[in-house]
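Subject: Structure handover

Hello,

Here is the structure I promised to pass on. Please open it alongside this message, so that you can follow the residue numbers as you read.

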Amino acid sequence: MFRRTFWFTAGAAAGVWASHKVNQKLQRLTPESLAAQAADKALDAGHRIKDFALDVRAGMLQREAELDDVLGLNAPPEGPGLPAARRPALEGERHPVAQRARQKYPEKYPKHPNNRNEDH
């Protein structure tokens, strides 16, 4: 009698355990669960790619600094200093080509250089 009770209880426990495992697997295979798993994996892959890109950028900056040191680009400038910055060729009121164009076509080249004839 005790043997039958033991095996009946063991069988019932195994059945409950197996049905619980099957229900877990079925829950993991629902479309919502599969979409959530795919989204989690995509986010994880994105984080890994971002970390890789940051590592590559850090390596590039380190290598660039090493090359600048080797080539002497980080050394202070020698001599009187750097020349003044140049303006683009046709920018400004005093450039002769710009003055002639404004005289010849005043409606096309207004005096104010930033006027773009915008309607707002």
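Below is what turned up, from the whole chain down to single residues.

Please keep in mind that this is a predicted model.

**Overall picture**

The chain has three helices and zero strands. Read along the sequence, that gives the pattern α-α-α. Of its 120 residues, 4% count as buried. The exposed area of the chain is about 11,700 Å². Carbon and sulfur atoms supply 61% of that area.

**Helix H2**

Most of my notes concern this helix. H2 covers residues 31-71, which makes 41 residues. How far apart should its ends be? At 1.5 Å a residue, the helix should span 60 Å. The end C-alpha atoms lie 59 Å apart, so the expected and modelled spans agree. Just after H2 comes Gly 72. Its phi is positive, near 80°.

**Salt bridges**

How many salt bridges does the model hold? The count comes to two.

- Asp 44 and Arg 48: their side chains meet at 3.4 Å, N to O. Both residues lie in H2, four residues apart, or about one turn of the helix. Asp 44 has 40% relative accessibility, so it counts as partly exposed. Arg 48 reaches 52% and therefore counts as exposed; the cut-off for exposed is over 50%.
- Glu 66 and Arg 63: here the side chains meet at 3.3 Å, N to O. These two are three residues apart in H2, so about one helical turn separates them. Glu 66 is partly exposed, at 35% relative accessibility. Arg 63 is also partly exposed, with a relative accessible area of 47%.

**Two buried residues in H2**

Asp 68 deserves a look. This residue sits in helix H2. Asp 68 is buried, yet has no salt bridge. Which side chain of opposite charge is nearest to Asp 68? That is Arg 63, and it is 10 Å away. A salt bridge needs the nitrogen within 4 Å of the carboxyl oxygen, so Arg 63 does not pair with Asp 68. Arg 63 does have a partner, namely Glu 66. What does Asp 68 touch, leaving aside neighbours within four places in sequence? Its contacts are Leu 73 and Asn 74.

Ser 33 is the other residue to find. Ser 33 also belongs to helix H2. Is Ser 33 buried or exposed? Its relative accessible area is 18%, so Ser 33 counts as buried; the cut-off is under 20%. Not counting residues up to four places away in sequence, Ser 33 touches Gln 27 and Arg 28.

**The aromatic pair**

A pair of aromatic rings is described by the distance of the centres and the angle of the planes. The model has one such pair. The partners are Phe 6 and Trp 7. Their ring centres are 5.0 Å apart, and the planes make an angle of 75°. That arrangement is edge-to-face. Phe 6 counts as exposed, at 52% relative accessibility. Trp 7 is exposed as well, with a relative accessible area of 59%.

**Where to start**

For a first pass, I suggest going to Arg 63 on screen. From there you can find its salt-bridge partner Glu 66, and then the buried Asp 68, 10 Å from Arg 63.

Best wishes

Terms used
Residues numbered from 1 in each chain as written. Predicted model: local features only at pLDDT ≥ 70, side-chain atom pairs only at ≥ 80, totals over all residues. Heavy atoms only, no water. Expected span 1.5 Å × (residues − 1). Buried < 20%, exposed > 50% of the residue type's maximum accessible area, 1.4 Å probe, protein only. Lys, Arg positive; Asp, Glu negative; His and termini not counted. Contact = heavy atoms within 4.5 Å. Phe/Tyr/Trp six-rings, centres within 6.5 Å; stacked < 30°, edge-to-face > 60°. Areas by Shrake-Rupley, 256 points an atom, 1.4 Å probe, with all protein chains shown as cover.
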